[in-house]
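Trainee: Could you take me through a single part of this structure slowly? I would like to see how one strand sits among its neighbours.

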Amino acid sequence: MKLDGNAIVYCEGAFNTLNGKTAHGLVRFCRRYAIAAVMDSRYSGRDAGDVLDGKAGGIPVVDAIETAKQTAENAGMPATHLVIGIAPDGGRLGKSARQDVIRAIDMNLNVDCGLHDFLSEDEEIARQADMRGVVLRDIRKPPPRDRLHFFSGKIEDVAALKVAVLGTDSAVGKRTTAWLMVQAFERLGYRTEMIGTGQTAWMQGARYSIILDSLVNDFVAGEIEHAVWQAWNDQHPDVIVLEGQGSLMNPAYPGGFELLAAGRPDLVVLQHAPARKEYDGFPGYPIQPLSQQIQAIETISKKPVVAVTINHEDLIDDQIPMICDAIEKVAGLPAFDVLRDQGDGLVAVLVPYLKQR
């Protein structure tokens, strides 16, 4: 996939928090842009990978867009894009962030935004972009309805192994796990495609992407089916990995039903944060037990959950192997921290299903 350009990732005040998950994804893995810098003044001077995962990756964190642009220039990566890396609840662009966007446009940077506030419909921003000759891309803007698809049944033509990554909560690491699975399958020589279902996966470069929460409900199933079918029809991969959204019983972000119904996965991997007791951002709403979540998925899909992948937030490193063992004993499923082992252990569990086809 050809790069769109060199990007500054905007994440002021949100990097290394749940509201910075778009920036986190771009720092960890990206095929659409070369990431030149991350902007968050709280971590200025640090390495973005070191802040996130304790592993330096050569992407500096800076305090301002002007600094980021100069940093990129000095590194021989002149910035072409500002990518909005914040993902706040409700998907709204705050006042200070809006002013930073205007400054970026004044510096002749194209702006890609995955929020629900559309930059192209903001009169001042659109006028400024037009004057500067830069491009605004609103990733969450609904596509024209004459380009959308209804469910047709063509999903049954897809012969690849389809693996859905669902979660027990929102913002729990489903997309990161999905990408790590893709990379682990690729290291073994299997042709693998990712079906992105949110703005971050699109920004990371998933070729076959839809933005689920930008779609009119009537077309959700058809768009999932079409993305999976198109990936199969164009590339004939061995494996197709489907990125989940929300969770089945999340009160604010119920999701996963659509992937199970229309994507018709053969297997499910379930992402889980053992330290979370309540749904993210919703105190008083306890997360249902892991066994109940597994039962719900298998009841709806009639397909097996074959592994649990954990999000190690708020866990001590020494606890992780014991927690994985405990999950295996209680749920009867292997458990992995894929961010630590890069997905190889998980994919070793999945490969036998591929060989049975």
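Mentor: Happily! Let's settle on strand β1, where six of the six residues are buried, so β1 is largely enclosed by the rest of the structure. Buried here stands for under 20% relative accessible area. Please keep in mind as you look that this is a predicted model.

What encloses the strand? Begin with the sheet. Six strands form an open sheet, and their order is β3-β2-β1-β4-β5-β6, with parallel pairing. At the edges are β3, residues 61–62, and β6, residues 136–138, each of which pairs on one side only. In that order, β1 stands between β2 and β4.

Now take those two neighbours in turn. On the β2 side, β1 (residues 5–10) pairs with residues 33–39 in the parallel sense, over six bridges. You can find this pairing on screen through Gly5, whose bridge partner in β2 is Tyr33. A little further along, Ala7 stands opposite Ile35 of β2. Towards β4, the pairing is again parallel, this time over four bridges. Here the pair to look for is Ile8, which stands opposite Leu82 in β4. As a general point for your notes, side chains in a regular strand alternate between the two faces of the sheet.

Next, follow the chain onwards from β1. Together with helix α1 (residues 21–28) and β2, strand β1 makes a right-handed β-α-β unit. Another helix belongs in this view too: α3, residues 65–74, lies across β1, β2, β3 and β4. The direction of α3 is at about 150 degrees to that of β1.

The loop between β1 and α1 deserves a pause, and Asn16 is found there. Its phi is positive, about 65 degrees, although Asn16 is not a glycine. That is worth a second look, since most residues other than glycine have a negative phi. With a relative accessible area of 34%, Asn16 is partly exposed. Thr17 lies in this loop between β1 and α1 as well, and at 30% relative accessibility Thr17 also counts as partly exposed. Leaving aside residues up to four places away in sequence, Thr17 touches His24 and Arg42. Arg132, by contrast, is 33 Å from Thr17, C-alpha to C-alpha, with their places 115 residues apart in the sequence.

For a comparison elsewhere in the chain, turn to His236, in the loop between α8 (220–235) and β10 (239–243). His236 is not a glycine either, yet its phi is positive, near 45 degrees. At a relative accessible area of 38%, His236 is partly exposed.

Finally, since you have now seen a buried strand, try a helix with two sides. Helix α13 covers residues 344–355, twelve residues in all, and reaches 16 Å from its first C-alpha to its last, close to the 16 Å expected at 1.5 Å a residue. Leu346, Val347, Leu350, Val351 and Leu354 of α13 are buried. Seen down the helix axis, the buried residues of α13 fall within an arc of 140 degrees, so they line one face of the helix. On the other side of α13, Ala348 and Lys355 are exposed. The spacing helps you read this: an α-helix has 3.6 residues a turn, so residues three or four places apart point the same way.

Note on methods: Residues numbered from 1 in each chain as written. Predicted model: local features only at pLDDT ≥ 70, side-chain atom pairs only at ≥ 80, totals over all residues. Heavy atoms only, no water. Pairing = 2+ DSSP bridges. Helix = DSSP H or I, 4+ residues; strand = E, 2+ residues; numbered from the N terminus. Contact = heavy atoms within 4.5 Å. Axes fitted to C-alpha atoms, helices over the stretch in contact; angles between N-to-C directions. Expected span 1.5 Å × (residues − 1). Buried < 20%, exposed > 50% of the residue type's maximum accessible area, 1.4 Å probe, protein only. Arc of directions from axis to C-beta. Right-handed = clockwise from strand over helix to strand, strands pointing away.
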